[in-house]
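Q: I'm new to this one. Can you walk me through it?

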Amino acid sequence: MQRTDRITSLALIGLGLIVVWLTSRITYTSFTDDPGPRLFPYFGAAVLILSGLGIFLRAGRSEIAEETIPVDRAQIRRGGIFFVLLALYALAMKLFGFYAVTPLLVFAVYWLIAGPKRRAVWRGAVLGLGCTLAVYLLFTLGLGSYLPEASMF
Amino acid sequence: MFDVVLSLFDPVTFAIILGASILGVILGAIPGLSGGLGVALLLPVTFGMEPGTGLAMLVAIWIGGVSGAMIGSILLGIPGSPSAIATCFDGYPMTRNGEAVKALGAAITASFLGTFFSILVAAVASPVLADLALKLGPWEYFSLGFCAIALVASLSRENVGKGMASASLGLLFACVGFAPIDGTARFSFDNMYLSSGFDLIAMMLGIFALKQIVMDFAKGTQDLPSVDAGRISGFGVSLREYRDNLWNLVRSFGIGIWIGFLPGMGAALSNMVAYAQAKSASKHPEKFGKGCIDGVFASEISNNASVGGSLIPMIALGIPGDGTTAILLGGLMIHGVQPGPLLFTNNPEIVYMVFGTALLSAVLVVLVQFFGMRLFPAILKVPYHYLYPPIVVLSFVGVFVNVGGTYIFLFLLGFAALGIVMDMVRLPVSPFLLAFILGPMLESNLRKGFTYSADGALAFFTRPISAALLAAAVLSIVWPYLRPMLRRAQARAS
């Protein structure tokens with residue numbers, strides 16, 4: 001954890017310095033006594049840099065004994081796969097619209113989470129169609145909202 | 001007044017209030033939706049109604065929505081709206097410990113007490129409290145917001161630096177888009193989607209809902225929590241637990257109603273401040289975050305007390321206390337009613353109708369939730385492979401409906417990734433969210449404070465209330481470091 005904290009603190013300090021640099025490039029027209037739109041980002045960046053320094057100094061204290069964050073490659077891979085699936089859903093919904101891709105997404109999420117022992121094709125299909133129908137009833141019919149439409153066609 | 005009571009119990013009006021209260025609870029419980037969204041969506045429906053009936057419907061949805069937001073927080077760890085973020089901190093651990101019904105019972109009673117008594121206070125004290133609010137200037141508002149953030153950041157007792165780092169990240173995220181007062185574009189890099197800033201709902205659903213689902217899948221979590229419904233009577237909370245929390249309830253109620261009636265603040269802030277205070281003042285702060293009922297009481301009574309609090313400036317001054325009351329205010333004006341000091345004189349029946357509906361709706365909501373609280377946890381018996389796919393879909397649909405563009409999916413995923421990274425490096429998310437919510441208000445008041453006084457920054461320290469709040473903020477940050485030093489000094493002395 002100490003190593004993680006040191007890296008985190010350095011990243012936060014670096015981010016704070018980047019914000020300071022970006023803030024200094026903001027151009028604006030000043031009113032009478034108004035400190036302008038740079039003040040608040042400077043304030044936020046200053047707190048970030050000071051906090052980063054605080055975390056760095058604390059991580060250096062030998063009496064702070066904390067557990068290290070275990071890096072489980074299998075977990076990262078599974079999380080990554082799921083995240084890619086969500087990203088694909090977002091992209092596909094923009095291209096093909098809500099109704100075309102949602103049953104597939106629900107099926108895929110069900111398939112992934114259920115695992116080989118619990119999953120069944122018909123259950124996934126029913127869940128996918130049921131979810132899509134429920135969202136249609138609640139949002140389109142019930143609340144009169146629009147859902148994403150295909151931009152490809 | 002008697003006419004108003006009669007009209008509330010008119011079968012059609014009563015049915016509308018009941019239906020709207022239930023709809024509010026449902027909307028509040030669904031992540032991404034809220035009673036506020038329900039008020040906005042159904043506002044056009046009221047155009048064809050009598051003003052009193054239309055307002056009754058809107059107020060009932062609002063009351064139901066604020067109360068219903070705790071259901072998702074407790075059962076799924078996903079707050080239905082920002083007003084129930086702090087309810088997650090102990091409500092969800094209680095569910096994981098097999099105490100879902102007890103957590104719901106505590107939240108339901110606290111919600112009812114908060115709403116009911118805050119409405120009574122609002123009805124009696126509106127004119128007096130509204131005068132008080134007008135005496136506060138931007139210096140006090142900035143200091144109050146900063147104090148709230150410092151209090152919540154100091155909850156990370158083992159590392160306040162991480163709490164403050166998280167809060168400053170939230171402040172910087174709030175800077176993206178057009179600056180308040182002068183509208184200067186900041187950190188948007190000429191991107192039209194960034195120029196309007198980040199959306200709170202996308203942030204909340206990304207950080208709570210999608211992050212949780214991705215991490216559960218990554219870890220292979222499949223164990224369902226047990227449910228305590230079978231061995232619970234009444235609300236599932238003992239009289240002793242209510243008695244032990246009496247001061248906690250009173251204090252959190254006070255925080256809720258006070259923050260609610262300050263314009264621009266609301267339940268999203270009050271629940272976290274009340275939670276922070278409850279933890280700080282507790283004899284057993286180590287139990288917080290692990291399923292402590294005190295945290296649920298504090299969060300739920302305060303966010304519902306903000307309902308009455310935000311009605312005070314709306315009714316007495318015509319100033320909305322939060323986003324939802326802004327829509328309600330619009331509803332009043334659309335129906336030809338001018339809110340403000342003359343409302344009591346010109347349209348007393350509207351004032352009585354708003355307060356009467358809120359009280360009736362609070363009673364109906366507590367009855368609906370009492371009979372439903374043993375059914376709600378049925379959701380916990382649903383295996384994750386059936387539960388999570390609809391939540392993923394609702395998260396995407398919720399942010400789309402809120403913003404109206406598919407670009408928001410990118411932000412949703414970005415915030416999910418941010419939530420995962422913050423979890424991995426142990427940066428707490430609550431200071432981040434609170435700072436993001438308060439950022440625009442803080443900046444606006446900071447700049448006004450500089451401009452309105454000839455003393456510039458000095459005015460923040462010379463005005464008594466502002467100075468006291470800033471001192472409390474500094475103390476809450478340094479106290480975790482000071483306390484061990486004081487203890488060591490005491491030990492050496494003895």
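A short chat about the two chains follows.

A: Sure. Keep in mind that this is a predicted model.

Q: Okay, chain B. How many helices and strands does it have?
A: Chain B has 22 helices and two strands.

Q: What radius of gyration does chain B have, and what would a compact globule have?
A: Chain B has 22 Å. A compact globule of 494 residues would be near 23 Å, so the two agree.

Q: And what box do its C-alpha atoms fill?
A: Roughly 70 × 65 × 55 Å, along the principal axes of chain B.

Q: What share of chain B is buried?
A: Buried residues make up 62% of its 494 residues.

Q: What about contacts along the sequence?
A: Take contacts in chain B between residues at least 6 apart in sequence. Of these, 78% join residues at least 24 apart.

Q: Now the surface. How much area does chain B expose?
A: About 17900 Å². Carbon and sulfur atoms supply 68% of that.

Q: And charges?
A: Chain B has 26 positive and 24 negative charges. Their mean positions are 14 Å apart.

Q: Switching to chain A. Where does UniProt place the feature "transmembrane region"?
A: The unreviewed UniProt entry gives residues 7–28, 40–59, 80–113 and 125–147 of chain A.

Q: What does the model show for residues 7–28 of chain A?
A: That span is 82% helix and 0% strand. Its end C-alpha atoms lie 35 Å apart.

Q: And residues 40–59 of chain A?
A: Here the span is 100% helix, with 0% strand. The end C-alpha atoms of residues 40–59 are 28 Å apart.

Methods:
Residues are numbered from 1 along each chain as its sequence is written. Chains are lettered from A and ligands numbered from 1 in the order in which they are written. This is a predicted model: local features need pLDDT of at least 70, side-chain atom pairs count only at pLDDT 80 or more; totals for chains, interfaces and linings use all residues. Side-chain values use heavy atoms; hydrogens and water are left out. Helices (H or I, at least four residues) and strands (E, at least two) are DSSP runs, numbered from the N terminus. The radius of gyration is taken over C-alpha atoms; the globule rule is 2.2 Å times the number of residues to the power 0.38. Buried means under 20% relative accessible area, exposed over 50%, partly exposed in between (1.4 Å probe, protein chains only). Contact means heavy atoms within 4.5 Å. Accessible areas come from the Shrake-Rupley method with a 1.4 Å probe; for residues, only the protein chains shown count as cover. Lys and Arg count as positive and Asp and Glu as negative; His and the chain ends are not counted. The place of a charge is taken as NZ of Lys, CZ of Arg, CG of Asp or CD of Glu. UniProt positions are given in the numbering used here, feature names are shortened, and annotations may be inferred rather than shown by experiment.
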